[in-house]
Amino acid sequence: MPTLLVIDDEPAIRHAFQRAFRDGDHVVRTATTAAEGLAEFARDRPDVVVLDVHLPDATGLDTFRRVRAIDARVPVVLVTGHGTTDLAIEAMKEGAYEYLLKPLELADLRQLIGRAAQSSRLMRTPALMPEVEPAPVPGDVLLGRCAAMQEVYKAVGRVAGQNVTVLVLGESGTGKELVARAIYQHSRRADKPFLAINCAAIPEQLLESELFGHEKGAFTSAERKRIGKFEQSHGGTIFLDEVGEMTPLTQAKILRLIQEQRFERIGGSETVQTDVRLIAATNADLEQMTEDGRFRRDLYFRLNVFTIKLPPLRERGDDVGLLVDHYLKRFGHELGKPVAEVEPAAAAALRAYPWPGNVRELQSVLKQSVLRMSGSALLADFLPEHIRNPAAAPAPAALGEGGAFDWDQFVGGRIGAGSENLYAEALERMEREVLVRVLKHTDGNQLQAARVLGITRGSLRNKIRALGISIARSVWSDDEQGDG
């Protein structure tokens, strides 16, 4: 459970944080002075610090700098009153995570602290690369004995200590972020910040501001100056996932940053100098995108200095059994349901399944199965139906031509199957239905479909690939094909 340390002399602010996180998903500790807060920070290192820039026994940025001197990886969120914004901006330039203006909005507060806690976890939780099968550990593990994974470990070892750009390629769910974290944690920048940004998860109009920052008044909603991630993580590492989703303008700015380590904030003329190592990742074919004119060729060459390719799980042979054993021990320990053995029929079903969602899907399936398990053995009956018998799994109602999708049947069926991931499953089903209907409306024209959907053509291509949608003379998804 993430720990949040709030250093503020105002009782109302401390109470606001206690109220915002009263549901128990964070441990909240408080301090009223800089001295008390620094002692608490040094004694029991929190995941996130919230710091008032004006405290009774400290002035300006002194407390912030002393926190950073103890551990620069812990995200620090500044709380400021009126007239103190310049101090907050200076701290952002020195690496603060974000700043909030009083009075605080609880919804924004929870969202921001959640992102900061996730960032802290990525920096501080080891991404292990064991040579032998490990016991369950709290860290995330790059695990595998196949030849392709051995090459991945060697590549991480070769490049981690070098200050070069790395491009990580692989399908969704193969562990690209784990590889990026392993590179960071074995690098000479391991004591500096590590920030991960998913370019596909941030709207196009906001991504450039998120990365490079903006000046007050640069656009309609720019009510205050913002320091971007490249400025915040000076001296550290940035991981850009799904780089194929960047707009041409953002691509141009990234190219300049790689070449010169310089950029301008949106709406500003000041050139900002930074020192950031870039690790990029994508599940798209960047080489083909350059041929199609959808990705800058010069940026592709800059990113492709050192490439690490992650194999899909279906090509990793006996690694499936190794991963099953590891995650069953881990989830059994976490959920208080130790797994003594795996029934041969269950092991055979897990090995035979093609795992289109790769390791991430395997983790989800095993956690669901452990939750459904009774006794100490994982039987085939505890596995989801589509794992036990994928060919016989009933196909959902077809989209468009076969009538409206039956949401009552879908939700009821997933609840009956013991799903522990229904929200994500429903979102994926909704996304597939919308995309198929729009593509049928445009007769498979992806440019028109992207315009209707309000997304980029590159984003649509990635979604089509990820959701198994096929386009020929007609449009369908893999789920509509039954066992064919």
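Which strand holds the place of D241? Strand β12, residues 237–241. Keep in mind that this is a predicted model.

Let's stay with D241. D241 is buried, and yet it has no salt bridge. What is the nearest side chain of opposite charge? K176, and it is 5.0 Å away. A salt bridge needs the side-chain nitrogen within 4 Å of a carboxyl oxygen, so K176 does not make one with D241 at that distance. K176 still touches D241. The other contacts, leaving out residues up to four places away in sequence, are I197, N198, C199, A200, A281 and T282.

Next, T174. Where does T174 lie? In the loop between β8, 166–169, and α7, 176–185. T174 has 5% relative accessibility. The cut-off for buried is under 20%, so T174 counts as buried. Its side chain reaches the backbone oxygen of E171 at 2.7 Å. Beyond four places in sequence, T174 touches L310, P311, P312 and N358.

Now the aromatics. How many aromatic pairs does the structure hold? The count is 6. A pair of rings is described by two things, the distance of the centres and the angle of the planes.

Take Y300 and F301. Their centres are 5.9 Å apart, with 45° between the planes. Stacked means under 30 degrees and edge-to-face means over 60, so this pair is tilted. Are the two partners buried or exposed? Y300 is buried, with a relative accessible area of 13%. F301 is exposed, at 53%.

Compare Y327 and F331. The ring centres are 5.8 Å apart. The planes meet at 25°, so this pair is stacked. Where do these residues sit? Both are in helix α13, residues 319–335. They are 4 residues apart, which means a separation of about one helical turn. Y327 is buried, and F331 is buried too.

There is also an aromatic cluster. Which residues form it? F212, F230 and F263.

Last topic: charges over rings. Look at R224 first. The charged end of R224 sits over the ring of Y99, 4.3 Å from the ring centre. Then K229. Its charged end sits over the ring of Y97, at 4.6 Å from the centre.

To recap. D241 is buried without a salt bridge. T174 is buried in its loop, and its side chain reaches E171. Y300 and F301 are tilted, whereas Y327 and F331 are stacked. R224 pairs with the ring of Y99, and K229 with the ring of Y97.

Terms used
Residues are numbered from 1 along each chain as its sequence is written. This is a predicted model: local features need pLDDT of at least 70, side-chain atom pairs count only at pLDDT 80 or more; totals for chains, interfaces and linings use all residues. Side-chain values use heavy atoms; hydrogens and water are left out. Rings of Phe, Tyr and Trp (its six-membered ring) pair if their centres lie within 6.5 Å; planes under 30 degrees apart count as stacked, over 60 as edge-to-face and the rest as tilted. Buried means under 20% relative accessible area, exposed over 50%, partly exposed in between (1.4 Å probe, protein chains only). Helices (H or I, at least four residues) and strands (E, at least two) are DSSP runs, numbered from the N terminus. A charge sits over a ring if NZ of Lys or CZ of Arg is within 6 Å of the ring centre and within 35 degrees of the ring normal. A polar contact is a pair of N or O atoms within 3.5 Å; within protein, one must be able to donate a hydrogen and the other to accept it, and residues adjacent in sequence count only if both atoms are side-chain atoms. Contact means heavy atoms within 4.5 Å. Lys and Arg count as positive and Asp and Glu as negative; His and the chain ends are not counted.
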